[in-house]
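Trainee: Could you walk me through this fold, one question at a time?
Mentor: Happy to; have a look at it before we start.

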Amino acid sequence: MSSPLRSIRIVKVEERPMDAWLDMSLRQLREGEVRFYKVNDPVTGKWLFKVCPDKEMRRAMVKALKCPPGRRFAQLEGSTMLFQRSPKLEGLYYGVVSVSYIDENGRLRRNVVEELDEIPKVLQENFEVKPYEEVIGKKAPGKKLVVLCKEGDDRAMITLFLLERAWPVSEITPELGLLSRRILTLIKRLERTSVEDLYKTAEEEYNLSRETVDDLLSILERENEILRLEDKYVKSRR
């Protein structure tokens, strides 16, 4: 199975040569170029992100402006992730690795990662992770590991936001999210199809059980991607 990261669709929808944003870490209102992206993620849903590169301070901020529905993702609306230029590695930005989790009261929290085995596997497989001291040249309290991406790579920074902030608290796994995209593609190919025919084709092409297909249809219906017709047929909304 291919990586779910390949199914994340990131499309730039607006670019402003001059805008402003609040940088909470600097406690300053900054100005400069700002870019907006619509994102369709198979694991979590649809997002709108704002990317604010700050050339003067050699850093960039990613902010989630609009999140998928639900209590978990609602807590990420307005959240930011900061990337800064490495003083030791030319052309690379780094972000301190921290992973979201839901506490016993249903509140979203973040844990700064100190060990490699605490980092989501999909992040380790697709991005370079290094000790903070190796990338910065000095130690800092509470900062152990960082993830690297190329300077100006908005798509990588947005993907890292999803992997660290959203995927860990998603109610479906990345594998199931990828399968839901495959079922959606299958529905579009078949146009208007009976659920029975979909069961048969999904089993033949992807070796999926009826129960798994039902779960995937529920995901797609919740994301408003499909329309059920008289409970026996299904079609894509697009």
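What follows is a short exchange about the chain, its helices and its strands.

Mentor: A word on the ground rules: residues are numbered from 1 along each chain as its sequence is written, and side-chain values use heavy atoms, with hydrogens and water left out. The model is predicted, so local features need pLDDT of at least 70 and side-chain atom pairs count only at pLDDT 80 or more, while totals for chains, interfaces and linings use all residues.

Trainee: How many helices and strands are in the chain?
Mentor: Both are DSSP runs numbered from the N terminus, helices being H or I with at least four residues and strands E with at least two. The C-alpha atoms fill a box of roughly 60 × 40 × 35 Å along the principal axes. Within the chain there are 7 helices and 13 strands.

Trainee: What share of the 238 residues is buried?
Mentor: Buried means under 20% relative accessible area, exposed means over 50% and partly exposed lies in between, using a 1.4 Å probe and protein chains only. By that cut-off, the buried share of the chain is 46%.

Trainee: Is α4 largely enclosed or left open, and how many of its residues are buried?
Mentor: Helix α4 covers residues 154-166 and reaches 17 Å from its first C-alpha to its last, close to the 18 Å expected; the expected span is 1.5 Å times one less than the number of residues. Among its buried residues are M157, F161 and R165. The helix is largely enclosed by the rest of the structure, because the buried count is 12 of the 13 residues.

Trainee: How are α5 and α7 oriented where they pack?
Mentor: Helix α5 (residues 174-190) and helix α7 (residues 210-222) have axes 9 Å apart, at an angle of about 85°. Axes are lines fitted to C-alpha atoms, for helices over the stretch in contact, and angles run from 0 to 180 degrees between N-to-C directions. Angles under 35 degrees count as roughly parallel, over 145 as roughly antiparallel, 65 to 115 as roughly perpendicular and the rest as oblique. That makes the pair roughly perpendicular.

Trainee: Which residues of α7 does α5 meet?
Mentor: Contact means heavy atoms within 4.5 Å. From α5, the residues involved include L176, R181 and I187. Their partners in α7 are T212, L216, L217, I219 and L220.

Trainee: Which residue is the bridge partner of Y93 in β10?
Mentor: Two strands pair if DSSP finds at least two bridges between them. Strand β6 (residues 92-96) is joined to β10 by 5 bridges and runs antiparallel to it, while β9 (residues 128-131) is joined to β10 by 4, also antiparallel. On the β9 side E128 is partnered with L148, and the partner of Y93 is C149.

Trainee: Which strands stand at the edges of the sheet made by β11, β13 and β12?
Mentor: The order in this open, antiparallel sheet is β11-β13-β12. Each edge strand has a single partner strand, so one side is left without a neighbour in the sheet; the edges are β11 (193-194) and β12 (226-229).

Trainee: Where is R27 found?
Mentor: R27 has a positive phi of about 55° although it is not a glycine. R27 is exposed, with a relative accessible area of 78%. Its place is the loop between β1 (9-23) and β2 (28-41).
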